[in-house]
Amino acid sequence: MAGRWRSRLTLLFVGLLSPLIASAEHSFENTAIVRTVELAGSLVHVTTTYAVKALEDDSSIYTIALGEDEQKKTSWIQARLKGQSVPLELENFGFSPRTGAHLYAVEFPQTLKANASANLIIETVQTHATYPWPQEAFQKDGQSLKYEADLFVLSPYPTVVQRTKIRSSSPQIHSYTTPEDIEAFTLESPVTKSGSTLTYGPYNNIPTSSTEDFVKTNQKRIAVHYTYEAPVLEVTKLERAAEISHWGANLNIQDNIWLRNAGPRLKGHFSRLEFQTQNYFGRSAPHTLTSISLALPPGIHDVYFYDLNGNVSTSRFRPAPSVPKGSQSNQHSILEMRPRYPMLGGWNYSFTLGWDSPLEDYGGWQKESGKYLVGIPVQTLMPSAVVDEAEIKIILPEGATDVAFHPPFPAVMNSISNHITYLDTMGRPTIKLQYKQLTDRHVGTIYVEYRVPFSAHLKKPLAVSAAFMSLFALAFAWKRVDTRIHK
Amino acid sequence: MLQAFWNWFDPTAWYPLGRVVGGTIYPGLMATSGVIYNILHALHLPVDIRNICVLLAPGFSALTAWSTYMFTKEMKDESAGLLAAAFIGIVPGYISRSVAGSYDNEAIAIFLLMFTFFCWIKALKTGSAFFGTLAALFYFYMVAAWGGYAFITNMIPLHSLVLIIMGRFSSRLYVAYSSWYAVGTLSSMQVPFVGFQPVSTSEHMAALGVFGLLQIIAFAELVRSHLSSKQFQTLLLASVIGLGVLGALGFVGLTYKGWIAPWTGRFYSLWDTGYAKKYIPIIASVSEHQPTAWPSFFMDLHFLIFLFPAGVVMCFNKLRDEHIFVILYAVVASYFAGVMVRLMLTLTPVVCVAAAIAFSSLLDTYIDPIEPESIVEGQPEGDVAGAVDSKKAKKTAPQPTSTALGDIVSKFSSSSKPSRPHGIFGLNTRLIVILNAIGMLIFFVLHCTWVTSNAYSSPSVVLASSNPDGSQHIIDDFREAYYWLRQNTPENAVVMSWWDYGYQIAGMADRPTLVDNNTWNNTHIATVGKAMSSTEEVAYPILRKHDVDYVLIIFGGLLGYSGDDINKFLWMVRIAQGVWPDEIQEPNYFTRQGEYRVDEAAPPTMKNSLMYKMSYYRFSELFGGNQAMDRVRSQQMPKTGPTLDYLDEAFTSENWIVRIYQVKKEDLLGRDLKTANAFAQGKKRKRTKPPVRRRAV
């Protein structure tokens, strides 16, 4: 609540000062911008470091610009100062055609004096930023992807020097764009390759670039075509249902996952013979997914993995014990699962994964407020996969009241409904959250607060015993009523 | 909802014909599970429908045990009933249909069979129209559940007829039969799959005939009570002859006109075990329809099979109306069980009942603590026997006295009775026999457990083997391949396979199939058989005409899985031959020596057949230069395997058990696929004339 209020306040504040922002280019200068792109499959991590120098006193609101295409791909964004882990709040201003870019404002914790400097780090995760090229590959072929981006990092401030580093996981980079007509910014070779890293720049003395004019005349597209050695995974849909049971002191989490291999589509057909030969010689194709190793929470038990055709018996589970409250531990229960068939490019596999865990590991009763507080993890990370659509359902105990929930990042849509399951009389309040484009940085816990009166706990046993009693009473009466027609 | 079920048309089965599901199945099983599902959901117990299906058979087997208890109680007493219930609870012959996951018509049908018979006996004993109607209602349920209802349709009339012939006509029989037949027949006609069969097919005529006969006899009885015996005799003679002639003529006439359907092939195959193989190979191709082998009687029934005749003989002792029923049931079911393995199922209940009667008589005699008095000279004979039998004598209903058969039997069984006192002397004799009996029971339990765990507990889609270290290795090829089809092919892709896998593909892969386990259209199955057993060139137009996208076959050669398609292949050939005798001939698939071979010596027809090619496509390459070996048929395969021009290998499961091929589309350039393929592989067409070389002058 407080957060929302504050954001409204800033919005008001910014609205009042918008003429100032328009001319804000005078308040800062970028002494250096370094952008590092980590090439991968469906998730591309981009870290941009802005070395900022204030030109006026009391400058505190800095504006960041993302190109139109970059904004479309960016699913997660975070700003922080170098050397600090606390993220700074980002205010989204949306796209403005006048600047040709999408603007965000960040407020420094301390105002900067003239000529004071700060290092701002913007981390983003881009999804669906790469695509397989060629789009089809034979079973024994390798896998190559293409990544496209804009050459210049846009900024509403003038920049002294700018660099873009593109790192690939393998040194095999088939091709990359060499930008032309940029003599205005550099006289040396516009791009250098060393090992698996491409460096675009340094480019000097770039004027205010987040203008329609600059984007039209100077902005360039660059493309990198590189080899990627791991399967490109996409979760097209994730449905998580977390059911809290007070009677069983249990939290059941069940994920329905629609997995897709987004690598190059299989050309021709799958040959088991070739696949077995490849495995035999230890040369399995990079775009073939045979198994996934998942890190599940510690302390869980009764893990199940099935699909529409029933239990899948090809998995191994190594449980880790519960972590005592308050202590930090990196231990995970490891589930090594194998889909029923090897997943080649373009193939799908949907399955259900679920487990039970002790409720006390996830929540407890708060004495001060008299409410229960339970934390539900948003997702279990599928290694290097993007989740296109996620629906998270939290089913509270029957009779829960005063329900409130606090997601770690805002949902696209949320609602509270009623869910009726085993022997319920009233049904259980259910929180539904919907997300789009979740990445590996979208981790966190949805905190749910609710109150359960003592009478609600007794509702189920009472209902069941009442039903049985009435059954017995009926039988009792029936035995004593004479139904014969003639004696 | 009911209307929606009757009108349910499934376009994905029997592609492109489709199938009216409501009109081509017995709806009982589905309706039962649907009702249970809805009741549980109304009680807020959201049980998955699949769990209900899996647990339906064990649930109903509990009811079967109860109804067997009630039935046997009517025959002898509660102790025999308890034994019978225990027997049927674990006997392998019934466990085969009542294990969890056996979602089959028989799962509920055996309960209905036993309960209908119980109601019939009860109705006959008490002459109660209530029980007669109850029998009819359960008969209706049975008709809705299983094609084997014809067994009841004929058993009850047979019983009644025998009773009439034995001179045991009574008003109780009249009431019981009339109420059963009238209500039962009318209600059974409500099932769309049965329709007007109860009045138009030969299988149901016996019931109708006995119904008519009973009316005549009842009428005759009425007339006799009003006429003098002399007049009655003449009238009876005339009317019996007249009605007999009329009835026979009418039956023949109706059959001739086609009003009454003649006997079906399935019926003939019950009398002539070789009939099906000759005329309806599709019935003979099912392993359950083969004649029963002797060991399987012991396997399925263990020591009950020895007690069974004893129990039947004991029924002759008292020979009340219900005992006649057991005797008839035993004779008829024994015959049918000998004809078809599958009908062992109908024999099992009566074996349990008869064996329980025998076994409990044995226990009654040997556990009974009353010892006969030692023989004293000159003592009146009747007393001793009377003392021993006093308990039983109370329960026996007044015996009908004037029957011929009954007289013979009672004379036979009591011939040596009065001379010596009956009973057991001393503890040692008792102990020997009782310990022996308990030993038999223990062995029975061990045997049942063993058979159940070995033969009936493993699902047919998941195979298990053990690793060298003793751990279980699961071979899950079927589900792997079906799931692949489900996830990675277009939703309307038509899959062709042999009919055994039709339901599995529909259920697990969710794709349209050409033929499935509901074998209602023989020609369609023969079409698939023809496509499988012809050459690629012949099969391709058939596949294209039926819009087939994928062909699925089962191949066990790598793993030694013997239930594969090459072993079923001859049935495909036979069924295809039944429809196209000019194009497919079974002898062409054997070698000159009459052997069925798949190796180098296989005949060309075999080697060129689509099934052979699909099974062994690239199989020998797997052995990396070594001699390839088919482990099912223990034959060495040729080094160079077959090639395919009209199909592409699309998927092969982990152990090569399921192989899926995609049917190629017509060549874009209009060439036939064989030429196109040869061109793609860079082979030049052989020229008929060598190019003319210019001679040096």
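**Chatting through chains A and B**

Tutor: Let's start with chain A: 32% of its 487 residues are buried. Keep in mind that this is a predicted model.

Student: OK, how many helices and strands does chain A have?

Tutor: Chain A comes to 6 helices and 31 strands.

Student: And what does the C-alpha trace of chain A span along its principal axes?

Tutor: About 115 × 65 × 45 Å. Also, if you take the contacts in chain A with a separation of 6 or more, 77% of them are between residues 24 or more positions apart.

Student: Which strands make up the open sheet of 8 strands in chain A?

Tutor: Reading across, the order is S21-S20-S24-S17-S16-S27-S30-S29, and the pairing is mixed. S21 (310–311) and S29 (413–419) of chain A are the edge strands, each pairing on one side only.

Student: What about S17 and S24 of chain A, in what sense do they pair?

Tutor: Antiparallel, over 11 bridges, with S17 of chain A covering residues 250–261. To find a spot in that pairing, look at Leu251(A), which stands opposite Ser357(A) in S24(A).

Student: Which helix packs on that sheet?

Tutor: One from chain B: helix H24, residues 477–488. H24 of chain B touches S20 (301–307), S21 and S24 of chain A, and its direction makes about 110° with that of S24(A).

Student: So how many residues of each chain are in contact, A with B?

Tutor: 21 residues of chain A are in contact with 24 residues of chain B. On the chain A side, the elements giving two or more residues are helix H5 (272–280) and strand S24 (348–358). S24(A) gives the most, with 3 residues.

Student: What classes of residue are on that side of chain A?

Tutor: There are 9 nonpolar, 8 polar and 4 charged residues on the side of chain A that touches chain B.

Student: New topic: how is chain B divided?

Tutor: Into domain 1 (24–361) and domain 2 (474–680). Their C-alpha centres lie 42 Å apart. The contact between them takes 5 residues from domain 1 of chain B and 9 residues from domain 2 of chain B. On the domain 1 side that touches domain 2, you get 3 nonpolar, 2 polar and no charged residues.

Student: Back to chain A. What does the UniProt annotation say about residues 461–478?

Tutor: The unreviewed UniProt entry annotates residues 461–478 of chain A as "transmembrane region". In the model that span is 100% helix and 0% strand, and its end C-alpha atoms lie 26 Å apart.

Definitions and conventions
Residues are numbered from 1 along each chain as its sequence is written. Chains are lettered from A and ligands numbered from 1 in the order in which they are written. This is a predicted model: local features need pLDDT of at least 70, side-chain atom pairs count only at pLDDT 80 or more; totals for chains, interfaces and linings use all residues. Two residues are in contact if their C-beta atoms, placed from the backbone, lie within 7 Å. Helices (H or I, at least four residues) and strands (E, at least two) are DSSP runs, numbered from the N terminus. Ala, Val, Leu, Ile, Met, Phe, Trp, Tyr, Cys and Pro count as nonpolar, Asp, Glu, Lys and Arg as charged, and the others, Gly among them, as polar. UniProt positions are given in the numbering used here, feature names are shortened, and annotations may be inferred rather than shown by experiment. A residue is buried if 20 or more other C-beta atoms lie within 10 Å of its own, exposed if 12 or fewer, and partly exposed in between; C-beta atoms are placed from the backbone. Two strands pair if DSSP finds at least two bridges between them. Axes are lines fitted to C-alpha atoms, for helices over the stretch in contact, and angles run from 0 to 180 degrees between N-to-C directions. Domain bounds come from an automatic or database domain assignment.
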